[in-house]
Amino acid sequence: MQEIKTDKLDIIVERFKTLDLKVQDPAVIADNKAWAELCKERSELEPIVEKYGELKKAKADYSDAVEMQKSDDQEFVLFAKEECERLSELIENIIDELKIMLLPKDPNDGKNAVLEIRPAAGGEEAALFAAELCRMYRMFAERKRWSVEDISVNETELGGIKEAVFGISGKDVFSFLKYESGVHRVQRVPVTETQGRVHTSTVTVAVLPETETVDVEILDKDIKIDTYRASGAGGQHINKTDSAIRITHFPTGIVVTCQDQRSQTKNKERAMQVLATKLYDYYQGQKDEEYASLRKGQVGTGDRSERIRTYNFPQGRVTDHRIGYTLYSIDEFMNGDLDKMVEALRLADQTRRLEGDEDK
């Protein structure tokens, strides 16, 4: 039977008890921000404390069952042996769950996300597939009861997407979508193909954790704000006023546009928030490597060979090449049923991290 070190668990239990008292303290309750932070920490620790309690009870019951095997009553002994087997399996499962719960959490997991989708190789077919990926993520968000907000969407004449940037807000959005960053390859007969030949095209997807402007310092001298007349879908008003906003950040060269809100003020506010998100991603990436390397690792050059996932329509399958996982339900997948794929990616990530811990 496997074991788990309980030192860290005991510390968590003590911290939980301390938090339990603090959140009931009138002096703490009076400070809304401090109280909210303590409540958040308590809620994050509570599942671990409860699971640890389950482990202690299961181990105590196992010890009792071992003692019961010393009885002279053979039926009683047989029952005790069966209990030992059941409890041994239960303990193993609880320990596996606790190991996952104790893994360091990504500090961005609870954040909203900004998605950027752009066609890469494949011309108009890539642009059309980019539009389908936008629809897929919108439908996935709808299943999760998340909110989707267009930030900047540029369409082609045939209904494809030149570039789409939109925000998704809700519970733990980034934790579900962060594995979607990379090159998505599609294999199918395009609507523009007259010979019935299968074409291969690619689309890049980048998922960034949304960051508040207060989290990143943006100096007025470092940015240039331009207004221009928006284009594309959005109603007649969008082409009559200079409501669209383009912000250029000189130190990094990052450019952000927002044109989907009716007012220039709202577009500016949203553009500043997206800029803060991109700058946060930029500076975080610099801690490990240059920003260009980080972005290349995420979306690459868009070449057909650099892919994280393939959507093969003739064979009706979707394959994620990072974990070798295939689903033969491409229609459901394109309609936003991403749960099985996301869960497989999360499980693979947890397994990799657990193996890393055990190697230390």
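Okay, let's start with leucine 115, which is buried, with a relative accessible area of 0%. Keep in mind that what you see up there is a predicted model. Leucine 115 lies in strand β1, which covers residues 113-119. So who are the neighbours of leucine 115? Leaving aside residues within four places in sequence, leucine 115 is in contact with Tyr137, Ala164, Val165, Phe166, Ile168, Leu177, Ala206 and Val207. Take valine 207 from that list. Valine 207 is 92 residues away from leucine 115 along the chain, yet their C-alpha atoms are separated by 4.7 Å.

Now let's zoom out. The protein has 360 residues, and 41% of them are buried. The secondary structure comes to 10 helices and 11 strands. How about contacts across the chain? If you take contacts between residues at least 6 apart in sequence, 63% of them join residues at least 24 apart. As for the outside, the protein exposes about 19,900 Å², and carbon and sulfur atoms supply 49% of that.

Let's go to the beginning of the chain. Methionine 1 sits in the segment before α1. Is methionine 1 buried, partly exposed or exposed? At 46% relative accessibility, methionine 1 counts as partly exposed, because the cut-offs are under 20% for buried and over 50% for exposed. Beyond its neighbours within four places in sequence, methionine 1 is in contact with Tyr62, Ser88, Ile91 and Glu92. For serine 88, the C-alpha to C-alpha distance to methionine 1 is 6.9 Å, with their places 87 residues apart in sequence.

Next along is helix α1, residues 7-22. That helix has 16 residues and reaches 23 Å from its first C-alpha to its last, close to the 22 Å expected at 1.5 Å a residue. Which residues of α1 are buried? They are Leu9, Ile12, Val13, Phe16 and Leu19. If you look down the axis of α1, the buried residues fall within an arc of 125°, so they line one face of the helix. And what do they pack against? The buried residues of α1 pack against α3 (32-68) and α4 (74-101). On the face turned away from that buried side, you find the exposed residues Asp7, Ile11 and Leu21.

Let's do the length check again, this time on α5. Its 21 residues should span 30 Å at 1.5 Å a residue, and the end C-alpha atoms are 31 Å apart, which agrees.

Just after α5 comes arginine 145, with a positive phi of about 60°. Why point that out? Most residues other than glycine have a negative phi. Arginine 145 has its positive phi although it is not a glycine. You'll find arginine 145 in the loop between α5 and β2 (147-155), and with a relative accessible area of 76%, arginine 145 is exposed. Aspartate 172 is another residue other than glycine with a positive phi, near 55°. Aspartate 172 is in the loop between β3 (161-169) and α6 (173-177), and at 27% relative accessibility it counts as partly exposed.

On to the aromatic rings. How many aromatic pairs does a search of the whole structure find? The search finds four. In one of them, the rings of phenylalanine 129 and tyrosine 311 have their centres 5.1 Å apart and their planes at 70°, so the pair is edge-to-face. This pair links distant parts of the chain: phenylalanine 129 is in helix α5 (residues 123-143), tyrosine 311 is in strand β9 (residues 309-312), and the two are 182 residues apart. Both phenylalanine 129 and tyrosine 311 are buried. Ring pairs also bring in Phe333, linking Phe129, Tyr311 and Phe333 into a cluster.

Rings can have charges over them too, and here are two cases to look for on screen. The charged end of lysine 111 sits over the ring of tyrosine 280, 4.4 Å from the ring centre. The charged end of arginine 188 sits over the ring of phenylalanine 313, 5.0 Å from the centre of that ring.

Last stop: threonine 265, in helix α7 (residues 264-286). Threonine 265 is exposed, with a relative accessible area of 53%. Its C-alpha atom is 9.0 Å from that of isoleucine 245, which is 20 residues away along the chain. That's my tour, thanks for listening!

Methods. Residues numbered from 1 in each chain as written. Predicted model: local features only at pLDDT ≥ 70, side-chain atom pairs only at ≥ 80, totals over all residues. Heavy atoms only, no water. Helix = DSSP H or I, 4+ residues; strand = E, 2+ residues; numbered from the N terminus. Buried < 20%, exposed > 50% of the residue type's maximum accessible area, 1.4 Å probe, protein only. Phe/Tyr/Trp six-rings, centres within 6.5 Å; stacked < 30°, edge-to-face > 60°. Lys NZ or Arg CZ within 6 Å of the ring centre and 35° of its normal. Expected span 1.5 Å × (residues − 1). Arc of directions from axis to C-beta. Contact = heavy atoms within 4.5 Å. Areas by Shrake-Rupley, 256 points an atom, 1.4 Å probe, with all protein chains shown as cover.
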